[in-house]
Amino acid sequence: MKKLSGLSLGLLLITSTLTQAQTKDPVVEGIVKEATENSQLEKLAHELMDVIGPRLVGSPQMQQANDWAVAKYKEWSISAKNEKWGEWRGWERGASHIDMVYPRVKSLEGTQLAWSPSTGGKTVTAEVIIIPDLADSVAFAKWLPSVKGKFVMTSMLQPTGRPDYNWQEFATKESFDKMKKERDAQTEAWTKRIAKTGYNGRTLPAALEKAGAAGVVGSLWSKGFGVNKIFGASTKKIPTVDIALEDYSLLYRLAESGHTPKISVKADSKENGLVPTFNTIAEIKGSTNPEEYVILSAHFDSWDGGTGATDNGTGTLTMMEAMRILKKVYPNPKRTILVGHWGSEEQGLNGSRAFVEDHPEIVKNIQAVFNQDNGTGRVVNLSGQGFLNAYDYLTRWLSKVPDAIKAPIETKFPGAPGAGGSDFASFVAAGAPAFSLSSLNWSYGNYTWHTNRDTYDKIVFDDVRSNAILAAIMAYQASEDPARTSREKSVLPSNAKGEPGVWPAVKSPTRKGGVE
Ligand SMILES: [Zn+2]
């Protein structure tokens, strides 16, 4: 080791004193202690994910979740309310049961898509056929009447149900390359097959419905073992179901080999008319600058194939737990600390866009927004979102965060303003300093994001605990900072065409959704 100069030694002493000072902040210590010794995360996760369940916009479960969150905050002596921002088609998932009944009997793993029509209390039994590969839309129109009374399969047969990482590990290179080449060719051929019908993925189900099909059967494989993405249906009268890759492939191969497989489908969803939609808002009032806001942010809604555990149950838990802890160890913040649990993020950031539109008085007085919405993992990325001076205040606030939590966070300053992806973008567009606490991957994209496997068991509680500590300390620091944060925007790099970069525009929410 190089001999230390007097100056370095002095710096070293100052640094170690600072480190000591950092760990001695009683509020920071209190946050860490409460988060680790009295964590409520497991209990909250059980109540939200297991008991209430997924939170599709317009579903009774979304409303139950809003009411549950308000009750929790009241229990913690934090004032909270549900704020109406719009209306949505009310739809309630019921039991869906899908069986193969010919050429042999097998219960299939599958479910109705969100907003899919029910089977009206009946079980519908019919043959399953595949969209054929025809010359053009004229030939398809001629074939179309033959769908009458049949279930129509609209997804490609996957050549493998094994994820690529599994092939990577065990296949010979030749075999893996061959599979990928064949899959690419099949995918291209399938895209052409659908295009030649004259319809697209959204309009084809409607055409099948009009021609008298019994139902639409798809399979949106998410490229992992046993995992499918479950989105919404576009049929109005007949059910649309998603069947797991394994069972879908079985039906497909049987249909292709001329074994005329039949399935029976019973889908019991309910239509509940137009229902109000809410954001849950809670706040700890500021003591000296109550009109200035630090906002903790996470969308509350989810898709409903699983229980929305990591999208965005974990973001929700992070912010609820941070609020609970703050109320206990920092009950009199300088600025108001507000938490927004937004509705209908999944359909286009609707809840947060409505909040920004409805509350200019809050938006102009935002000190900082911290949003979390990309899974259960520890936060590892933080971008300045294009705000020129974000480096200054974010790094200052981060300096108070314990090393184990702070060290893995890669910062990027000034960064680029996010135009979408999650609710921070609604605030960034309005010029308010809003940031995304971006998580470690944990196979989010393939295994949990919008899938039927986004469930409680995928939550990594230690990581969520670490994120709750981070969110609470950042909120505490943003609240205490003697200075207001700068909103100055950086000059954005020019785009591919050489035109100057443009800050994302504020967008209005959809206030009445799911209806024509
Ligand atoms: Zn999300």
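This passage describes a predicted model of a protein chain with a zinc ion, covering confidence, the metal site, one helix, one strand residue and several strand pairings.

The model is predicted, so that local features are described where pLDDT is at least 70 and side-chain atom pairs where pLDDT is 80 or more, whereas totals for chains, interfaces and linings use all residues. Residues are numbered from 1 along each chain as its sequence is written, and side-chain values rest on heavy atoms, with hydrogens and water left out. The mean pLDDT of the chain, where pLDDT is the predictor's confidence in each residue from 0 to 100, is 95, and 96% of the residues reach 70 or more. Over residues 1–21, however, pLDDT stays under 50, and the model has 2 contacts (heavy atoms within 4.5 Å) beyond four places in sequence for this stretch.

The zinc ion is held by protein donors, defined as N, O and S atoms within 2.8 Å of the metal (3.2 Å for Na, K and Ca), and sites may look incomplete because water is not among the atoms. These donors are NE2 of His299, OD of Asp311 and two OD entries of Asp373, at 1.8 to 2.8 Å from the ion. The angles among the 4 donor atoms run from 50 to 147 degrees, and the site is irregular; four donors would count as tetrahedral with all angles between 85 and 135 degrees, or as square planar with opposite donors over 155 degrees apart and all others between 65 and 115, the latter limits also serving for six donors as octahedral. Along the sequence, the donor residues follow the spacing H-x11-D-x61-D. His299 in strand β11 (residues 289–299) and Asp373 in the loop between β13 (366–371) and β14 (379–383) are 74 residues apart, and the pair links distant parts of the chain. Helices (H or I, at least four residues) and strands (E, at least two) are DSSP runs numbered from the N terminus. Both His299, with a relative accessible area of 0%, and Asp373, with 9%, are buried, a term that means under 20% relative accessible area, with exposed over 50% and partly exposed in between (1.4 Å probe, protein chains only).

Helix α4 (residues 60–75) has 16 residues and reaches 22 Å from its first C-alpha to its last, close to the 22 Å expected at 1.5 Å a residue, the expected span being 1.5 Å times one less than the number of residues. Among its buried residues are Met62, Trp68 and Tyr73, and the cover over the buried residues of α4 includes α3 (41–52), β1 (79–92), β10 (270–284), α10 (309–329) and β12 (335–342). Just after α4, Ser77 takes a positive phi of about 60 degrees.

Two strands are said to pair if DSSP finds at least two bridges between them. β1 and β10 pair in the antiparallel sense over 13 bridges, with Pro276 in β10 as the bridge partner of Glu87. β10 is also joined to β12 by 5 bridges in an antiparallel arrangement, where Ile284 stands opposite Ile337 in β12. Elsewhere, an open sheet of 3 strands has the order β15-β14-β17 with mixed pairing; β15 (410–412) and β17 (438–439) each have a single partner strand, so one side of each is left without a neighbour in the sheet. β14 and β15 pair in the parallel sense over 3 bridges.

Val369 lies in strand β13 and is buried, with a relative accessible area of 0%. Beyond its neighbours within four places in sequence, Val369 is in contact with Ile295, Ser297, Phe427, Pro433, Ala434 and Phe435. Val369 and Pro433 are 64 residues apart in sequence, while their C-alpha atoms are 6.4 Å apart in space.
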